[in-house]
Amino acid sequence: MFMKITPRLACAFSFQMKGEAGHMLHNEKSKQEGYIWGSMRRTAFILGSGLLSFVAFWNSVTWHLQRFWGASGYFWQAQWERLLTTFEGKEWILFFIGAIQVPCLFFWSFNGLLLVVDTTGKPNFISRYRIQVGKNEPVDPVKLRQSIRTVLFNQCMVSFPMVVFLYPFLKWWGDPCRRELPTFHWFLLELAIFTLIEEVLFYYSHRLLHHPTFYKKIHKKHHEWTAPIGVISLYAHPIEHVVSNMLPAIVGPLVMGSHLSSITMWFSLALIITTISHCGYHLPFLPSPEFHDYHHLKFNQCYGVLGVLDHLHGTDIMFKQTKAYERHVLLLGFTPLSESIPDSPKRMQ
């Protein structure tokens with residue numbers, strides 16, 4: 001026998017289906033919200049635990065280094081006081097040299113060496129360490145010139161004014177050109193805090209720039225290079241350069257009221273690290289660039305610097321299933337990891 005479908009029964013059935021669908025959507029939304037909050041709690045727990053562990057053990061770990069620093073500290077203190085005497089009354093010049101010119105010198109010196117390899121393919125032994133084989137061999141000269149012009153624009157018209165704007169705040173907060181240099185322990189603490197602040201600010205600003213609203217108009221410029229080279233680490237839309245390159249680096253020194261020596265070392269180190277992350281070569285005894293290189297290749301993975309927040313938010317799941325993840329280690333020998341851990345034959349074809 002067949003049940004007669006009346007209008008009332010059909011309406012009740014439709015209402016029940018809509019209710020179940022709404023309930024499912026509500027549950028799915030609740031799960032997503034729970035996942036996000038769970039990730040944020042795990043982020044706070046790991047970062048907080050790491051900082052507490054660092055504070056708890058730093059004295060024992062750095063004791064011998066502190067002795068060396070103390071022995072040479074008198075020399076550096078004397079040189080610093082000599083500079084203060086030379087620039088007395090014009091400490092702002094000393095600040096701009098330390099915060100702008102010295103980091104830029106490191107940036108262009110390192111990238112100059114990399115550009116020789118990128119444009120000539122020589123020396124051949126460095127080319128063996130290329131991550132994306134067959135890309136940028138050699139690099140497109142027209143595309144390279146355009147990128148260098150953008151990098152110079154960002155440095156001169158964005159970075160320089162921001163550092164100029166930073167100086168009076170640092171001067172009010174603690175005077176970056178004060179006479180006494182920071183101790184070795186204090187600099188290590190600053191470096192840890194700078195790194196944590198940069199990781200958080202860069203990850204979330206970078207991921208925000210991948211939102212469709214911002215990607216097409218702003219961040220797509222940086223991703224024109226699916227196989228990056230060192231100099232394009234600062235190749236970006238000016239808005240991105242402010243939000244995702246400069247702010248994550250300068251907030252730490254501003255919060256800590258850092259000495260110029262700490263600022264100079266931090267800015268120089270940050271530029272060298274971001275160059276390595278974009279260089280396209282997994283070179284011996286240098287940090288692995290596989291993580292960020294994979295981001296340029298796939299776009300939707302590996303947004304951070306350290307990878308901690310990517311792990312917590314699950315934005316490195318695809319990366320962990322690749323050979324690139326196996327190669328994401330410090331190379332302590334001279335055999336390229338692309339040879340010792342080659343891609344699967346299917347991908348190579």
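The exercises below, each with a worked solution, concern a predicted model.

**Exercise 1.** Describe the largest nonpolar core, stating which residues have the most contacts inside it and which helices supply it.

*Solution.* Begin with the core itself, which has 26 residues, and in which F95, A99 and L260 are those with the most contacts. Turn next to the helices: α2 (63-86), α3 (91-120), α5 (141-173), α6 (184-209), α8 (238-256) and α9 (260-278) each supply at least two residues of this core, and the helix that gives the most is α5, with six residues. Finally, take L260 as one of the residues to inspect: leaving aside residues up to four places away in sequence, L260 touches W80, L94, F95, G98, A99, P176 and C177.

**Exercise 2.** Locate the cis peptide bonds that precede P123 and P138.

*Solution.* The bond from K122 to P123 is cis, with omega near -5 degrees, and P123 sits in the loop between α3 and α4 (124-127). The bond from E137 to P138 is likewise cis, with omega near -5 degrees, and P138 belongs to the loop between α4 and α5. As background, most peptide bonds are trans.

**Exercise 3.** Decide whether N136 and F285, which have a positive phi although neither is a glycine, are buried, partly exposed or exposed.

*Solution.* N136, with a phi of about 55 degrees, is placed in the loop between α4 and α5; its relative accessibility is 17%, so N136 counts as buried, the cut-off being under 20%. F285, with a phi of about 65 degrees, is found in the loop between α9 and α10 (290-298), and because its relative accessibility is 47%, F285 counts as partly exposed.

Methods. Residues numbered from 1 in each chain as written. Predicted model: local features only at pLDDT ≥ 70, side-chain atom pairs only at ≥ 80, totals over all residues. Heavy atoms only, no water. Core = buried A, V, L, I, M, F, W, Y, C linked by side-chain atoms within 4.5 Å. Buried < 20%, exposed > 50% of the residue type's maximum accessible area, 1.4 Å probe, protein only. Helix = DSSP H or I, 4+ residues; strand = E, 2+ residues; numbered from the N terminus. Contact = heavy atoms within 4.5 Å.
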